[in-house]
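This report considers internal cavities and charged side-chain pairs in a single protein model. The sequence and structure are shown first.

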Amino acid sequence: MNAVQPPPSAQDDHADRTGIDPPCHCDGAAKAADCQSSCHLNDAAFRDRAKEILFSGRLITAGAVHLIGLEDIRNQLGNRWERVKERVHIYTTRLLEKMLSPHDVWFQHGEAQFIIVFAHADIQAAQLICGKIVEDLHQSLLGHSDTSQIIVKTALVEIDGSVAVGSARLDDLLLHAASPSERPSAKPQRAGRPEERSEERQRPSLTDFALGNGEPPPRPKVLFRPVYDVRNKVISTYTCRPDLHTCRHINQITADDVMQEEAIFDYDMETLCHAVRTYNELYQNKFRYAQTIPVHFETLASVRRRREYLQSCRMIPNCLIPFLAFELEGLPQGIPNGRLAEMVTMLRPFGRAAIVILREENSDIATYANAGVKGVGLAMDFRDGDQRCIDKINAFCPIPRKHGLFAYLDGIRNVEQFQAAIEAGAAYVGGAVVGKDSDVPEHMRRCTERQMLMRARVKARRESA
């Protein structure tokens, strides 16, 4: 996929047969710059720009140019737009790279528009992809999207050689995609095969990676796991975890370390956006909880990935920051104190704390404490038997507390493991014994360890019956 500079002007011998330009509604006393900004890329201007592209000699098999705009996002951000517009542009660029094919061409035009030329997708599929890109931007940056207000403009060459501009609302595109038989035949478009349109419409998030057999990877799915706060006797904390299919996909990419790191990065970005978007919606409804967001070492160790991740972190609403913590995952043994401290410092403006989750015991916990980490967790291996897990719990929990950190246990499955975690001094416990992973966090629940154990025993009896 190519990000290019605007193409050269069309040759002079192409006559302008686009009809009469719409009048400009700017006040006559307005400055030229203000006029240019307020009337930027109206239908006539877009038609001229599209004509330059269509007649520039570039091979465009689909024969259409599409425009998506960020004006609604700019309007809703208000005064914040000037401070964050560069980050919005970078986020949009990354989304375009994920959603478009390597053969498509796009470029930014002005501060709130992007022009896209699809190499092969028909007009219907291209409009749908453009609309979904804008919808994802609304969801990620504003926490909501109104598909009835998302409009995609399309310029295409008519039979007589003129360039016509049409517009479509995402609501209509989604309706037509869902009901092909109801699609109006009067609109100028290529028919295309239904399966091609469906493939474009269902383009997954991890578009650049496959399992080695040509199959598209699944979109990362993020679930919320409840965590029991032992000291306060309450379930009011949730941590993000991938579902089984996402875990399998990432674990199966073993032939190429770079591909696996990119798949992990995609999951981290999806988790961050999904967690913040979900909390933002719940926060508006007076719903409060503590949210832990995992981020992998591979994401923070790469300059490019770290930059993009932190740019997305800067879009977190200030009201949510006191409720968020970052869970560092995949730290290599022997990580230098300075490097870890740098990562903790980078994340500090966006959450109340950084914690570390381990998959196996290691001897770096003193380093974590010196770097500013607040707690250390240990994830239980589901392949271990009960006694092996209990031995791990008893050996692990005293070490973080020795260095002034809290101990956290994840993946606790049954009554015996939960009781061992409480007796060993764990501050937080997560896993099936506390509650199932869910699509959204639930309301806070208060319960003592005794109540938790009784409930777990009842559940175990029902499952064994």
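The cavities are described below, followed by the salt bridges.

## Cavities

The model is predicted. Across the whole structure, the search returns three cavities of 30 Å³ or more. The largest cavity holds about 100 Å³ of space. Its lining is made up of Y91, S140, L141, L272, C273, V276, R277, S312, M315 and I316. Two elements, helix 5 (123-142) and helix 9 (257-284), give two or more residues to the lining of this largest cavity. Helix 9 makes the greatest contribution there, with four residues. Sorted by class, the lining of the largest cavity comprises seven nonpolar, two polar and one charged residues.

The second largest cavity has a volume of about 60 Å³. The residues lining the second largest cavity are R87, I90, Y91, R94, E308, Q311, S312 and M315. At least two residues of this lining come from each of helix 4 (81-99) and helix 11 (303-313). Helix 4 supplies the largest share, four residues. By class, the lining of the second largest cavity consists of three nonpolar, two polar and three charged residues.

Some residues recur in these lists. Y91, S312 and M315 appear in the lining of the largest cavity, and Y91, S312 and M315 also appear in the lining of the second largest cavity.

## Salt bridges

Side chains of opposite charge can pair when their charged atoms come close. In the whole structure, 20 salt bridges are found. Three of these pairs are set out in the table, with the separation of the closest N and O atoms.

| Acidic residue | Basic residue | Closest N and O atoms |
|---|---|---|
| E135 | K132 | 2.6 Å |
| D437 | R225 | 2.8 Å |
| D384 | K392 | 2.7 Å |

How are E135 and K132 placed within helix 5? The two residues are three apart in that helix, so about one helical turn separates them. E135 is buried, because its relative accessibility of 12% is under the 20% limit. K132, with a relative accessible area of 25%, is partly exposed.

The pair formed by D437 and R225 has its closest N and O atoms 2.8 Å apart. D437 is in the loop between strand 14 (428-430) and strand 15 (445-446), whereas R225 is in strand 7 (residues 222-229), so this salt bridge ties together parts that are 212 residues apart in sequence. D437 counts as partly exposed at 28% relative accessibility, while R225 counts as buried at 16%.

Are the partners D384 and K392 buried or exposed? D384 has a relative accessible area of 16% and is buried. K392 is buried as well, at 11% relative accessibility.

## A network beside the pairs

Beyond individual pairs, a network of salt bridges links R94, E261, E262, D266, R304, R305 and E308. Two members of this network, R94 and E308, are also among the residues lining the second largest cavity. The two topics of this report therefore share residues: R94 and E308 belong to the charged network and to the cavity lining, a lining whose classes include three charged residues.

Methods:
Residues are numbered from 1 along each chain as its sequence is written. This is a predicted model: local features need pLDDT of at least 70, side-chain atom pairs count only at pLDDT 80 or more; totals for chains, interfaces and linings use all residues. Side-chain values use heavy atoms; hydrogens and water are left out. On a 1 Å grid over the protein atoms alone, a cavity is a set of points where a 1.4 Å probe fits but cannot get out, and a pocket is an open set with protein on both sides within 12 Å along at least five of seven lines; lining residues have an atom within 4 Å of a point. Grid points are joined across faces, edges and corners, and a volume is the space filled by probe spheres set on the points. Ala, Val, Leu, Ile, Met, Phe, Trp, Tyr, Cys and Pro count as nonpolar, Asp, Glu, Lys and Arg as charged, and the others, Gly among them, as polar. A salt bridge is a side-chain nitrogen of Lys or Arg within 4 Å of a carboxyl oxygen of Asp or Glu. Buried means under 20% relative accessible area, exposed over 50%, partly exposed in between (1.4 Å probe, protein chains only).
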